[in-house]
Amino acid sequence: MNAIVLAGRRLALLNRARIYTCGITPYDVTHLGHAATFVWVDTLARVLRRCLRVEPVVCRNVTDVDDVLDSAAMRAGTRSDDFAAFQEFLFEGDMSALHVNRPDHEPWAHRYIGPVIRLAEALLESGAAYERSGTVYFRGADVPARAGVDRATALRLAAEFGGRPGDTDKDDPFDVALWQATEHDHQTWPSPWGQGRPGWHAECVAMALSVLGVGVDVHAGGADLRFPHHAYHAAIAETFTGVVPHTRAWFHVGAVTFGGAKMAKSTGNLVLIADLLAKHPAATVRMMILDRPWHESWDYRPELLDAATDRVRLLHEAAARPGPSESTAVDEVRSLLAADLDVPAALAVADEAGGDAARLLIAVLGLA
Ligand code: ZN
C-alpha cells in the first residue's frame, strides 16, 4: 500500500508523513472533545506505521501565547508561563493515561517569536501585509472564499475566534493580525513595530514551517479549527512560501457534544478525561472514541462506555483465539484502516477472523 485515503481523498506517501496537529492552549483541563482529536491523530500515526510502513513525524504545538491563557492566569493570580506549565503537565498526564504516543516535536509558541517577526517582515515586504499602530495585518479578504465559507458565516466565526472583524484599523474585516500591538498586562516582546505578541494563526505557521519545513502531508485538528484558523494558516503559509497547497490533506476530527451542546465550561457540560479514566480503562475510552467515522461529530452518553467495554472484550477474546493459519484477514484489516480509517469495518473483520488480525487491530487502536 502506498497511499491512505482521508476524507475520501487519496494521499500517496513514500516513507515519511509529516503531520502537524494544532495542540492545546494550556489554560484548562482536558475534556473529551480535545482528547478525541488527539486520540484520532495518534491512531492515524499508528495506522501509517503499522499498515502502510510509513514513518509518521508528528508535530503538536502548544499555544502558550494567547489572550485566553493570560486571562485565565490572571484570574488564578499566577503568571501566564507558570499557569501554562502546570496545565500542560496535567494535559500530558491525561494523554499518557490514554496511551497517546508522545509527538516527535512539541514546539511552544513563546519560543518562535523570532520566526513570527520574520514572517511578518517578509509579508510586509511583498505587500501581503500592512502595519497600523504597531500591529501587522495580513490581507485576508479572499480567505473565506478560498476556504469555501460564505461571508455571513465567515464574519460570525471570525468574531467568535477573536479575529475582530469590526476593527476599524483594518482595510478589510477579514484581515488578521500577524503581530499584535499589546497592552502591558499581557506577555509581550519587542519587535520592529513596538511591544507586542504574535497572532494566533501566524504562531502556528511559524512553528509548522520551522519544525517540518515547507508544506505538510496532513494538517490535523478539531473540526472547529477549519475556519478561521486552518484557512488562515494555509493562506499565510502559501503566501509566504509560494508553495500551493501548503497542506496535502486535512484531518478535521468531528466534535464531541454532550446533551446536544458543544462542551464548554460556561455551559457546565464538560466531560473530563480524568473523570472517565477514574472509572474506566483507557482501552474503553479509546474504543468509544474510535469505533465511528473520525470526521463525524457525536454526542457523548455514558451508555456508550458500556458498549465500548463489550467491544474491547470481544476483540480481546478474538485475539486470544489462534486464528486461521492461512488468512487474508490481516491484509483486510490493514486495507480497511488505510481506507479512511474504517475502524467499525476493521473490528468486524478482526472479531470474525481472530488471531493476528485482532492482535494487529488492538495494537493499531492503542488498546493494549
Ligand atoms: Zn494551529
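Reader: Where does Pro 228 sit?

Author: In helix α8. Keep in mind that this is a predicted model, and every value below is computed from it.

Reader: What makes the bond from Phe 227 to Pro 228 stand out?

Author: That peptide bond is cis, with omega near 5°. Most peptide bonds are trans. There's a second cis bond to look at, between Val 244 and Pro 245, with omega about -5°. Pro 245 belongs to the loop between α8 and β10.

Reader: Why mention the phi of Arg 53?

Author: The sign is the point: phi of Arg 53 is near 55°, which is positive, and the residue isn't glycine. Most residues other than glycine have a negative phi. Arg 164 gets a mention as well, with a positive phi of about 45° in a residue that isn't a glycine. As for location, Arg 53 is in the loop between α1 and β4, and Arg 164 is in the loop between α6 and β7.

Reader: Why is Arg 53 called exposed?

Author: Its relative accessibility is 59%, and the cut-off for exposed is over 50%. So Arg 53 counts as exposed.

Reader: And why does Arg 164 count as partly exposed?

Author: Arg 164 has a relative accessible area of 41%. Buried would need under 20%, exposed over 50%. The value falls in between, so Arg 164 is partly exposed.

Reader: What makes Arg 286 and Asp 42 a salt bridge?

Author: Their side chains come to 2.8 Å, N to O, and the limit is 4 Å, so the pair qualifies. The bridge links distant parts of the chain, with Arg 286 in helix α10 and Asp 42 in helix α1, 244 residues apart. Both Arg 286 and Asp 42 are buried.

Reader: How do you know that Arg 132 and Asp 171 pair up?

Author: By the distance again: 2.9 Å, N to O, within the 4 Å limit. This pair spans 39 residues, from Arg 132 in strand β5 to Asp 171 in the loop between α6 and β7. Arg 132 is partly exposed because its relative accessibility is 30%; Asp 171 is partly exposed too, at 45%.

Reader: Why does the pair Glu 317 and Arg 313 pass, with 3.5 Å?

Author: Because 3.5 Å, N to O, is still within 4 Å, the pair counts as a salt bridge. Glu 317 and Arg 313 both lie in helix α11, 4 residues apart, about one turn of the helix. Glu 317 is partly exposed at 41%, and Arg 313 is partly exposed at 44%.

Reader: How many salt bridges does the rule give?

Author: The count comes to 24. Salt bridges also link Arg 60, Glu 92, Arg 102 and Glu 106 in a network.

Reader: Which residues line the largest cavity?

Author: Ile 24, Arg 60, Val 62, Glu 88, Phe 91, Glu 92 and Glu 106. The lining has 3 nonpolar, no polar and 4 charged residues, and helix α3 gives the most to it, with 3 residues.

Reader: Why is it called a cavity?

Author: A cavity is space where a 1.4 Å probe fits but cannot get out. To make the count, a cavity must have 30 Å³ or more, and 2 do. The largest has about 40 Å³, and the second largest has about 30 Å³. The lining of the second largest cavity includes Trp 40, Trp 294 and Trp 298, and it divides into 7 nonpolar, 1 polar and 2 charged residues.

Reader: What makes up the lining of the second largest pocket?

Author: There are 33 lining residues, and Ala 147, Arg 226, His 230, Trp 250 and His 252 lie nearest its centre. Helix α8 gives the largest share of the lining, 7 residues. By class, the lining has 17 nonpolar, 6 polar and 10 charged residues. The volume of this pocket is about 820 Å³.

Reader: Which residues form the nonpolar surface patch?

Author: Val 29, Phe 86, Phe 89 and Leu 90, with about 360 Å² of accessible area together.

Reader: Why does Val 29 count as partly exposed?

Author: Its relative accessibility is 32%, between the cut-offs of 20% and 50%, so Val 29 is partly exposed. A patch residue needs over 30%, and the 32% of Val 29 meets that. Val 29 is in the loop between β3 and α1.

Conventions:
Residues numbered from 1 in each chain as written. Predicted model: local features only at pLDDT ≥ 70, side-chain atom pairs only at ≥ 80, totals over all residues. Heavy atoms only, no water. Patch = residues over 30% accessible without salt bridge, like charges linked within 9 Å, V, L, I, M, F, W, Y side chains within 5 Å. Areas by Shrake-Rupley, 256 points an atom, 1.4 Å probe, with all protein chains shown as cover. Helix = DSSP H or I, 4+ residues; strand = E, 2+ residues; numbered from the N terminus. Buried < 20%, exposed > 50% of the residue type's maximum accessible area, 1.4 Å probe, protein only. 1 Å grid on protein atoms, 1.4 Å probe; cavity = no way out; pocket = protein on both sides within 12 Å on 5 of 7 lines; lining within 4 Å. Points joined across faces, edges and corners; volume = space filled by probe spheres on them. Nonpolar A, V, L, I, M, F, W, Y, C, P; charged D, E, K, R; others polar.
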